[in-house]
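Biologist: Could you zoom in on a single part of this one and tell me how the backbone behaves there? Once that's done, feel free to follow the trail outward.

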Amino acid sequence: MKQTTQPPDHRSAGVRHGAATVAPPPGPSPKRHRPTSTQWAAWAFLAPVTLYLTLFYAYPLYRNLDLSLRNYTVRSFVQGDAPFTGLANYHKVFDDPTFAPALLHTAVFTAVCLVFQYAIGLALAVFFHQNFRLSATLRALFLVPWLLPLIVSASTWSWMLNSESGVVNAALHAIGIGPVNWLTSPSWALTSVITANIWIGVPFNLVVLYSGLQSIPTSLYEAAAIDGANAWQRFRRVTFPLLRPVSAITLLLGLIYTLKVFDIIWIMTKGGPADSSTTFATWSYQLGFGNLLPAFGPGAAVGNLLVVAALVFGLVYVRVQRKQSL
């Protein structure tokens, strides 16, 4: 009797038991995501801005930080072999007797300028918002101090406040008041540079606040007038609250600009007499470039203190704006 041998069954166990399982077909291989033409165009537009910020902001900040952490001399500044000293330059700045007066003068100079620039600019903006005859012409004339080069404005104020031949002392003499040493007296030097900086900064506040007033609907004023609100109540209840976002950015930009004011003070008083008008901006310049043996490290440290102050106020502004939006 012949025995037949069946070939082995190579089917899977599922098929042998009656449950046929079908293997999923192999999927397509994943393709790499390639940037589209729109994305390339976006990067092309961003490239000039990124390059500008890197060259003129990021790199100078890095170099200034490096200057403040090393002991740079004229020789090492050229050759680039300055030893690392850590926070020694900052300790030297804090221990310097000029630090406390410079900090006080910087705070007073910034606060007084901001308050008067904003108050005068807001008053002028509300005044010109009435759109009377010659309003546009007068607004254009108020922009002149803002358009003039700072060296021209500071030189003009130096001539006006000159103790012997200045126009201001001549006017005081005409009404029987003796001459005042505006630029050479420790009691008046800081007041003189504050006055000049207020005059220069008012047009900026005027322009920004006037543009903010233009965005307020006139219907709100009409409704307030119908309700019996007078001019002061309309300003306090309508104008001022709606100007808060514009006022915040105006004060922030004014703060950053005023912290770093150097040209006006240096041309008018050079920080004197006896450091009576020295601020962090002029002190940083004096340390780095005003001596035969420049102290690059301490000068950079003082400059970094100004950067930190501006950064802190900027973060405060962002936080306040975020709370208001929520």
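Modeller: First, a word on naming: helices here are DSSP runs of H or I with at least four residues, numbered from the N terminus. Keep in mind, too, that we're looking at a predicted model.

The part I'd pick is the loop between α14 and α15, where K270 sits. α14 covers 263–268, and α15 covers 280–289. K270 isn't a glycine, yet its phi is positive, at about 55 degrees. With a relative accessible area of 48%, K270 is partly exposed, because exposed means over 50% and buried means under 20%.

Move along to P273, which belongs to the loop between α14 and α15 as well. The peptide bond leading into P273 from G272 is cis, with omega near -5 degrees. Then comes A274, also in the loop between α14 and α15. A274 is another residue other than glycine with a positive phi, near 55 degrees. A274 counts as exposed, at 74% relative accessibility.

Now follow α15 out of the loop, and you get to the largest pocket. α15 supplies at least two residues of its lining, and so does each of α2 (37–68), α13 (244–259) and α16 (296–325). The biggest share comes from α16, with nine residues. In total, 24 residues line this pocket, and N64, G303, N304, L306 and V307 lie nearest its centre. Its volume is about 760 Å³. As for character, the lining has 17 nonpolar residues, six polar and one charged.

α13 deserves a stop of its own, for T258, which is in that helix. T258 is buried, because its relative accessible area is 1%, and the cut-off is under 20%. A polar atom of the T258 side chain lies 2.6 Å from the backbone oxygen of G254. Leaving out neighbours within four places in sequence, T258 has contacts with F109, T110, C113, L114, Q117 and N197.

Stepping back to the whole chain, there are 16 helices and zero strands. Of its 326 residues, 32% are buried. Among contacts with a separation of 6 or more, 64% join residues 24 or more positions apart. The chain exposes about 21,300 Å², with carbon and sulfur atoms supplying 68% of that.

Definitions and conventions: Residues are numbered from 1 along each chain as its sequence is written. This is a predicted model: local features need pLDDT of at least 70, side-chain atom pairs count only at pLDDT 80 or more; totals for chains, interfaces and linings use all residues. Side-chain values use heavy atoms; hydrogens and water are left out. On a 1 Å grid over the protein atoms alone, a cavity is a set of points where a 1.4 Å probe fits but cannot get out, and a pocket is an open set with protein on both sides within 12 Å along at least five of seven lines; lining residues have an atom within 4 Å of a point. Grid points are joined across faces, edges and corners, and a volume is the space filled by probe spheres set on the points. Ala, Val, Leu, Ile, Met, Phe, Trp, Tyr, Cys and Pro count as nonpolar, Asp, Glu, Lys and Arg as charged, and the others, Gly among them, as polar. Buried means under 20% relative accessible area, exposed over 50%, partly exposed in between (1.4 Å probe, protein chains only). Contact means heavy atoms within 4.5 Å. Accessible areas come from the Shrake-Rupley method with a 1.4 Å probe; for residues, only the protein chains shown count as cover. A polar contact is a pair of N or O atoms within 3.5 Å; within protein, one must be able to donate a hydrogen and the other to accept it, and residues adjacent in sequence count only if both atoms are side-chain atoms.
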